[in-house]
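Trainee: Got a minute to go through this one with me? I'd like to start with the overall picture and then pick at some details.

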Amino acid sequence: MTMRKSVAQVQRETQTSELKRSLGAWNLVLLGIGCIIGAGIFVRTGNAAALHAGPAVLISFVIAGIVCAFAGLCYAELSSTLPVSGSAYTYSYTTLGEFAAWIMGSLLLLEYGLAASVVAVGWSGYIVSLLGDIGLVIPRELTGPTGHAIMEAGVATGGNYLFNLPAFLVCITLSLLLVLGVSESAKVNNIIVAIKVTVLAAFIIVGGFILLSNLDKFTPNWHPFIPPNEGDGKFGWDGILRAASIVFFAYIGFEAVSTAGQEAKDPAKDMPIGIIGSLIACTVIYILVSIVLTLIVPYNQLNVPDPVAVAVDAFGPQWAWLASTIKVGAIIGLTSVILVLMYGQTRIFYTMARDGLLPRVFAKVHPKYQTPWVNTLLVGVIVACAAGFFDINTLGDMTSVGTLAAFGIVCLTVIWLRTTHPELPRGYKVPLYPVLPALGILSCFALIFTVETRVLIFFGWFMLGAIVLYFLYGMRNSELAKGHTVLADDEMPVYREDNPGGGTVHRD
């Protein structure tokens, strides 16, 4: 359970090469903004405002951003300490050991797999709205979660949804594209990032103009700014904290900055600037978007999968062209996010299968397309079914809980490494140690316990099932446990306890 992969083994298995240190602080800030802005702001903001925080959702964004900053700084230290590629799963395998890596892999299923389902539901909302603008109407019963009441302007119509067909179809389609080996080039990705930022900038500028021109008309939507507490995380400060765990989803992706540690010109200086800079920039953008949202539209009407579309429709008929443009931009951006999240999930499963922790079929590569096709199709079906049958709030809460737990473990890993292996050279160290990592752990788990009890119960059963599966399958089939390629040829051990024969411990 505590056996670790060596750094050299991970480097060899992932076929990493020496990376050029070419990224400055500004490059890292832009990378972070591109990775962070996506599904959360386009999808979950309205749910958080309508059900929990009201206009005070902007305070929730600040709280969530601070929590992410704690975790982000810990990611930065790990990426500068352990020269390996990969996700938090890889960090866990090379530090805390195999069992911790299994737990992290299970949490990443919630962070990537279910996150893709959340984005797909949001994508469905925007595509239904856009098609409606041009006269193509999908039956309402086929555009929402199974068994849930069909709502119009926050009021139940008396009917129930059967299935979210658009969300299901987009997941299946993208999984087939991934099997064929479709990937985003840096140029295409940059274009998509520019579209996402431009869409939000247009929304903020035009919405701000409309608000300033008719401020007296819209200010009543902010009274009260913090609605009275109704209990069970509904409004008041309890609701603001509850909403913070929801809008936390909007920050998922910032850890991509920390994984660029090997390519930063000066990691000790550039990594914290990149992480904190991108988080601050995105927090400001999110606050401005939430201001426009909650002033233009009464917050109790925003419990929809496409809140930005609802708000831009409220700009008035003279802005119909802008409404369609923003919806198209949101659809393009969300499609990219679904693709990237599903890709990340398939590669995590692929890595775990190669390690023997999952059946080898998950690592089976298609002879023609050179992609893990069985793995990809299975992920596509799981993500599509979750998007088709479940509501966006439940999916989003489960994603946030899994991600918060993963971030908490990352903060714990930093403390563990500092305590047990202070001799390891670190390109960057978390400031105010151990206060900030400890605050990261406490704040992540504090936000976890603000979610609904039913989600916590699901999370508990999910983790129990994952642990049982490890003892029944993972532990018995682990390649590391079988002694397969534990150390690379002539590799010097990284940790003292990996060198029981004595002598000098080195780091490559």
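Mentor: Sure. Of the 508 residues in the protein, 54% count as buried. Keep in mind that this is a predicted model.

Trainee: How many helices and strands does the protein have?

Mentor: There are 18 helices and two strands. Taking contacts with a separation of 6 or more, 79% are between residues 24 or more positions apart.

Trainee: Let's look at helix packing. At what angle do H4 and H17 cross?

Mentor: Roughly 130°, and their axes come within 9 Å. H4 covers residues 57–81 and H17 covers residues 435–448. The two helices are therefore oblique to each other, and the crossing is left-handed.

Trainee: Which residues make that contact?

Mentor: From H4 you have Val67, Phe70, Leu73 and Cys74. H17 brings Leu436, Pro437, Leu439, Gly440, Ser443, Cys444 and Leu447. By class, that contact has nine nonpolar residues, two polar ones and no charged ones.

Trainee: I see cysteines in there. How many disulfides does the protein have?

Mentor: The count is zero. Cys444 is in no disulfide, as the nearest cysteine sulfur, in Cys411, is 5.3 Å away. A pair needs its sulfurs within 2.5 Å to count.

Trainee: And Cys171, why isn't that one in a bond?

Mentor: Because the closest cysteine sulfur, in Cys385, is 9.3 Å away, and that's too far for a bond.

Trainee: Are those two buried or exposed, Cys171 and Cys444?

Mentor: Cys171 is buried at 0% relative accessibility. Cys444 is buried too, with a relative accessible area of 0%.

Trainee: Back to helix pairs. How does H6 pack with H16?

Mentor: Their axes are 8 Å apart, at an angle of about 145°. H16 runs over residues 392–420, and H6 passes H16 in a left-handed crossing. On the H6 side the contact residues include Ile103, Met104, Leu107, Glu111 and Val121. On the H16 side, Leu395, Thr399, Ala406 and Phe407 are among them.

Trainee: What's the split by class there?

Mentor: The contact of H6 with H16 has 16 nonpolar, six polar and one charged.

Trainee: Where does Ser106 sit, and what does Ser106 touch?

Mentor: Ser106 is in helix H6, residues 98–133. Ser106 counts as buried at 9% relative accessibility. Beyond its neighbours within four places in sequence, Ser106 is in contact with Phe462, Met463 and Ala466.

Trainee: And Ile467, how far is its C-alpha from that of Ser106?

Mentor: The two C-alpha atoms are separated by 9.1 Å, though the residues are 361 apart along the chain. Ile467 belongs to helix H18, residues 453–477. Ile467 is partly exposed, with a relative accessible area of 28%. Leaving out neighbours within four places in sequence, Ile467 is in contact with Phe99, Trp102 and Ile103.

Trainee: There's a lysine I was curious about. Is Lys196 buried or exposed?

Mentor: Buried, at 5% relative accessibility. Lys196 is in helix H8, residues 186–213. If you skip residues up to four places away in sequence, Lys196 touches Gly34, Ile37, Gly38, Phe42, Gly333 and Val337.

Trainee: What about the short helix H5, how many of its residues are buried?

Mentor: Eight of the eight, residues 88–95, so H5 is largely enclosed by the rest of the structure. Among the buried residues are Tyr89, Tyr91 and Tyr93. Just after H5, Gly97 takes a positive phi of about 115°.

Trainee: Backbone oddities next. Which peptide bond is cis at Pro224, and which at Pro434?

Mentor: The bond from His223 to Pro224 is cis, with omega near 0°. Pro224 is in the loop between helix H9 (215–218) and helix H10 (236–247). Tyr433 and Pro434 are also joined by a cis peptide bond, with omega about 0°, and Pro434 is in the loop between H16 and H17.

Trainee: What's phi for Phe235 and for Leu432?

Mentor: Phe235 has phi near 70°, positive in a residue other than glycine. Phe235 is in the loop between H9 and H10 and is buried, with a relative accessible area of 8%. Leu432 has a positive phi of about 55° and isn't a glycine either. Leu432 is in the loop between H16 and H17 and counts as exposed at 60% relative accessibility.

Key:
Residues are numbered from 1 along each chain as its sequence is written. This is a predicted model: local features need pLDDT of at least 70, side-chain atom pairs count only at pLDDT 80 or more; totals for chains, interfaces and linings use all residues. Side-chain values use heavy atoms; hydrogens and water are left out. Axes are lines fitted to C-alpha atoms, for helices over the stretch in contact, and angles run from 0 to 180 degrees between N-to-C directions. Helices (H or I, at least four residues) and strands (E, at least two) are DSSP runs, numbered from the N terminus. Angles under 35 degrees count as roughly parallel, over 145 as roughly antiparallel, 65 to 115 as roughly perpendicular and the rest as oblique. A crossing is left-handed if the near helix is turned anticlockwise from the far one by less than a right angle, and right-handed if clockwise. Contact means heavy atoms within 4.5 Å. Ala, Val, Leu, Ile, Met, Phe, Trp, Tyr, Cys and Pro count as nonpolar, Asp, Glu, Lys and Arg as charged, and the others, Gly among them, as polar. Buried means under 20% relative accessible area, exposed over 50%, partly exposed in between (1.4 Å probe, protein chains only).
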